[in-house]
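This report describes selected features of a protein model for a reader who has not met it before. The sequence and structure come first, followed by the description.

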Amino acid sequence: MPTQRAFRIHNDDAGYRAGVEIIEVPEPGDGEVLLRVEYSGINYKDALGGTGQGKVIRRFPLTGGIDAAGVVERSAHAGFQPGDAVIATGHGMAFDHDGGYAEYLCVPGDWLVTVPDGLDTRTAMILGTAGFTAALAVHRLLRNDQRPELGPILVTGASGGVGAIAIAILAKLGFDVAAVSGKPELHDWLKALGASQILGRNELPGGDRPLEKAVWGGAVDNVGGDMLARITRTVVPYGNIASIGLAGGTDLRTTVMPFILRGVGLLGCESVNIAQPLRGELWRHLATDWHVGDPERLLTAEIALEALPEVFERMLGGRTHGRVLVEPGASG
Ligand code: NDP
């Protein structure tokens, strides 16, 4: 039986632990596709699952990695042939099914998206779930009539994967983007991505009244908690907030006033279980009219599987920025 290197996560009597192991390459069953993983990436959820700091994995042991892009090796699914370049993100990956931190990945073909013209497997994983979720947020905002004329769009957690890509897409679409970041040293980088102004995490205007002066046309929020609450109070009538993340907390203490007196829209963004047609549509946008330009400017590191734990710790400590590419085929 052929074998491969994989980043395996265990949770048993010996405790929560993860590392690179040699395991068998699976054989695709009916409807499944085996791909050789060329690239994966690191998302916040990967860091939670890889360290055990978040309960995001349902079955152990499991190969981590909610993202993968690669080339079909063997297919038992009518829609895919050997040699096809494909993307797999979300679904059950690194939840109750092995994920992309391995040299090979076997998944139901129904989870796959063909890499669209305009992207390749490397660029797809520089974007990864972070870019896909940024695209989802933009889609939700536009569908709910967000327009540049409503005013600047706030992007919180701006230096993170989702935040950085959201800035690039929104700026490309003609929105005035205000970035909220706790990393003053990255102001030039955020501006180069498209932010026109940058605020520190504690510099958001407005106080704790149910409604404060409305200054933002809308927002893409990766932080949650007090930051999101403050934003709800300061968005203009019929502006929208795309709620994506919880990097700053899961509580949301606000009132109904922004929603019933200003018509503010709070739009949930969930990237894992999106229906395939919308999944394909968002990847096509990322390949064409929402293309971020030179994707390499988002990239801050390229690593082998062995380096995952160190990056996970830095990410959870808020000490990473942009995107980290993982090459499962590279030796550590
Ligand atoms: P990153 O770690 O790359 O980015 C998160 C950013 O949030 C950091 O770079 C930092 O930006 C900021 N941040 C970190 N800690 C805090 C804090 N305590 N208070 C305020 N800001 C903080 O993660 P991702 O971009 O991959 O993900 C962002 C969020 O979105 C995560 O919460 C993640 O779980 C969520 N997510 C949700 C998805 C969905 O389907 N709903 C899909 C993908 C991600 P800075 O230093 O610039 O302020």
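In this predicted model, a search of the whole structure finds 14 salt bridges. Three of them are set out below.

| Pair | Distance, N to O |
|---|---|
| Arg-74 and Glu-27 | 3.1 Å |
| Arg-233 and Asp-208 | 3.4 Å |
| Arg-314 and Glu-310 | 2.6 Å |

In the salt bridge between Arg-74 and Glu-27, distant parts of the chain are linked: Arg-74 belongs to strand β5 (residues 67-75), while Glu-27 sits in the loop between β2 (15-24) and β3 (32-41), 47 residues apart. Arg-74 is partly exposed, at 32% relative accessible area.

The side chains of Arg-233 and Asp-208 also meet in a salt bridge. Because Arg-233 lies in the loop between α5 (225-232) and β13 (235-243) and Asp-208 in the loop between β11 (195-199) and β12 (216-221), the pair ties together parts 25 residues apart in sequence. Arg-233 is buried, with 8% relative accessibility, whereas Asp-208 is exposed at 65%.

Arg-314 and Glu-310 are both found in helix α8 (residues 308-316), 4 residues apart, about one turn of the helix. Both count as partly exposed, Arg-314 at 28% and Glu-310 at 45% relative accessibility. Elsewhere, salt bridges that share partners join Arg-36, Glu-38 and Glu-73 into one network.

On the surface, Val-256, Met-257, Ile-260 and Leu-261 form a nonpolar patch with about 390 Å² of accessible area together. Leu-261, in helix α6 (residues 257-261), is exposed at 56% relative accessible area.

The search also finds 1 cavity of 30 Å³ or more. The volume of the largest cavity is about 50 Å³, and helix α1 (residues 44-51) supplies the largest share of its lining, 4 residues. That lining has 6 nonpolar, 4 polar and 2 charged residues.

Terms used
Residues are numbered from 1 along each chain as its sequence is written. This is a predicted model: local features need pLDDT of at least 70, side-chain atom pairs count only at pLDDT 80 or more; totals for chains, interfaces and linings use all residues. Side-chain values use heavy atoms; hydrogens and water are left out. On a 1 Å grid over the protein atoms alone, a cavity is a set of points where a 1.4 Å probe fits but cannot get out, and a pocket is an open set with protein on both sides within 12 Å along at least five of seven lines; lining residues have an atom within 4 Å of a point. Grid points are joined across faces, edges and corners, and a volume is the space filled by probe spheres set on the points. Helices (H or I, at least four residues) and strands (E, at least two) are DSSP runs, numbered from the N terminus. Ala, Val, Leu, Ile, Met, Phe, Trp, Tyr, Cys and Pro count as nonpolar, Asp, Glu, Lys and Arg as charged, and the others, Gly among them, as polar. Patches are made of residues with over 30% relative accessible area and no salt bridge: like charges are joined within 9 Å, nonpolar side chains (Val, Leu, Ile, Met, Phe, Trp, Tyr) within 5 Å. Accessible areas come from the Shrake-Rupley method with a 1.4 Å probe; for residues, only the protein chains shown count as cover. A salt bridge is a side-chain nitrogen of Lys or Arg within 4 Å of a carboxyl oxygen of Asp or Glu. Buried means under 20% relative accessible area, exposed over 50%, partly exposed in between (1.4 Å probe, protein chains only).
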